[in-house]
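Please open the model in your viewer and keep a selection panel at hand. The stops below go from one selection to the next, with a short account of what is found at each.

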Amino acid sequence: MLKSYECVLIFTPVLTKEEVEKVVGDYQELIKSQGGEIVHTDFWGIKSLAYPIKKKTTGFYLVIEYSAPGESTAKLEIFYKRDERILRFLTTQLDKFAVEYNERKRKGLIGKGVKNKVTGKSANKAEEDFEDLVISDDFQNMED
């Protein structure tokens with residue numbers, strides 16, 4: 001049975017963009033060779049680190065969301081630990097709610113700018129609630 005995972009990798013900033021792309025492709029192939037499937041890859045680019053790691057203050061961030069058998073994660077983490085190009089990594093197992101959240105976020109249904117939008121269903125529900133309030137006020141006025 002495949003489980004869903006999200007892995008954040010921080011690569012050393014010494015690499016060129018082409019080298020990072022090659023490393024990303026290599027790790028995607030490694031995940032596939034372990035019986036996994038890549039769901040989404042998000043390259044964040046070079047970012048400042050919260051604290052220096054191996055005298056580096058910046059690093060290339062990569063987020064890979066994938067599905068794989070449970071035992072393959074331990075094997076992948078051994079590769080991450082042995083690779084000198086990776087400063088840090090964090091693998092998280094995703095539950096069904098996190099998978100759904102990530103999928104909705106990729107579709108643009110969650111995130112910046114969506115909060116102010118009123119969708120058709122919620123707008124209609126708000127109008128119905130308002131009409132109910134008006135009707136109940138009318139009943140109160142009739143009783144007086």
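In what follows, a residue is called buried when its relative accessible area is under 20%, exposed when that value is over 50%, and partly exposed in between. The model is a predicted one, and every value quoted here is computed from it.

**Stop one: two facing rings**

Begin by selecting Phe60, which is buried, with a relative accessible area of 11%, and then add Phe43, which at 35% is partly exposed. The ring centres of Phe43 and Phe60 lie 6.1 Å apart with the planes at 20°, and because planes under 30 degrees apart count as stacked, this pair is described as stacked. Phe43 belongs to strand 2 and Phe60 to strand 3, so the contact ties together parts that are 17 residues apart in sequence.

**Stop two: the sheet**

Now extend the selection to the strands, of which four form an open sheet in the order 2-3-1-4 with antiparallel pairing. Strand 2 and strand 4 (86-94) are the edge strands, each pairing on one side only, and neighbouring strands are turned by 20° against each other on average, direction ignored.

Going through the sheet pair by pair, strand 2 is joined to strand 3 by eleven bridges, and within strand 3 the residue Tyr61 is the bridge partner of Gly45. These two strands form a hairpin with two residues between them, and Lys54 in the turn has a positive phi of about 50°. Strand 3 then pairs with strand 1 over ten bridges, where Leu62 of strand 3 is the bridge partner of Leu9. Strand 1 is in turn joined to strand 4 by eight bridges, and Phe11 stands opposite Ile86 of strand 4.

Colouring strand 3 by accessibility is worthwhile here: eleven of its 14 residues are buried, so strand 3 is largely enclosed by the rest of the structure.

**Stop three: a cluster of rings**

Next select Tyr27, Tyr80 and Phe89, which ring pairs link into a cluster. How many aromatic pairs does the structure hold? There are five, and one of them joins Tyr27 to Tyr80 in a tilted arrangement, 5.2 Å centre to centre and 55° between the planes. Tyr27 lies in helix 1 (residues 17-33) and Tyr80 in helix 2 (residues 70-82), so this pair ties together parts that are 53 residues apart in sequence. Tyr27 is buried at a relative accessible area of 6%, and Tyr80 is buried at 2%.

While helix 1 is displayed, add Leu30, which has its place in that helix and counts as buried at 16% relative accessibility. Leu30 and Leu76 are 46 residues apart in sequence, yet their C-alpha atoms are 7.8 Å apart in space.

**Stop four: the largest pocket**

Finally, show the largest pocket, which has a volume of about 250 Å³. The elements that give two or more residues to its lining are strand 1 (2-11), strand 2 (37-53), strand 3 (56-69) and helix 3 (96-106). Which element gives the most to this lining? Helix 3 does, with four residues. For the selection itself, take Glu6, Val8, His40, Asp42, Trp44, Val63, Ile64, Glu65, Tyr101, Asn102, Lys105 and Arg106, which line the pocket. Colouring them by class will show five nonpolar, two polar and five charged residues.

Methods: Residues are numbered from 1 along each chain as its sequence is written. This is a predicted model: local features need pLDDT of at least 70, side-chain atom pairs count only at pLDDT 80 or more; totals for chains, interfaces and linings use all residues. Side-chain values use heavy atoms; hydrogens and water are left out. On a 1 Å grid over the protein atoms alone, a cavity is a set of points where a 1.4 Å probe fits but cannot get out, and a pocket is an open set with protein on both sides within 12 Å along at least five of seven lines; lining residues have an atom within 4 Å of a point. Grid points are joined across faces, edges and corners, and a volume is the space filled by probe spheres set on the points. Ala, Val, Leu, Ile, Met, Phe, Trp, Tyr, Cys and Pro count as nonpolar, Asp, Glu, Lys and Arg as charged, and the others, Gly among them, as polar. Rings of Phe, Tyr and Trp (its six-membered ring) pair if their centres lie within 6.5 Å; planes under 30 degrees apart count as stacked, over 60 as edge-to-face and the rest as tilted. Buried means under 20% relative accessible area, exposed over 50%, partly exposed in between (1.4 Å probe, protein chains only). Two strands pair if DSSP finds at least two bridges between them. Axes are lines fitted to C-alpha atoms, for helices over the stretch in contact, and angles run from 0 to 180 degrees between N-to-C directions.
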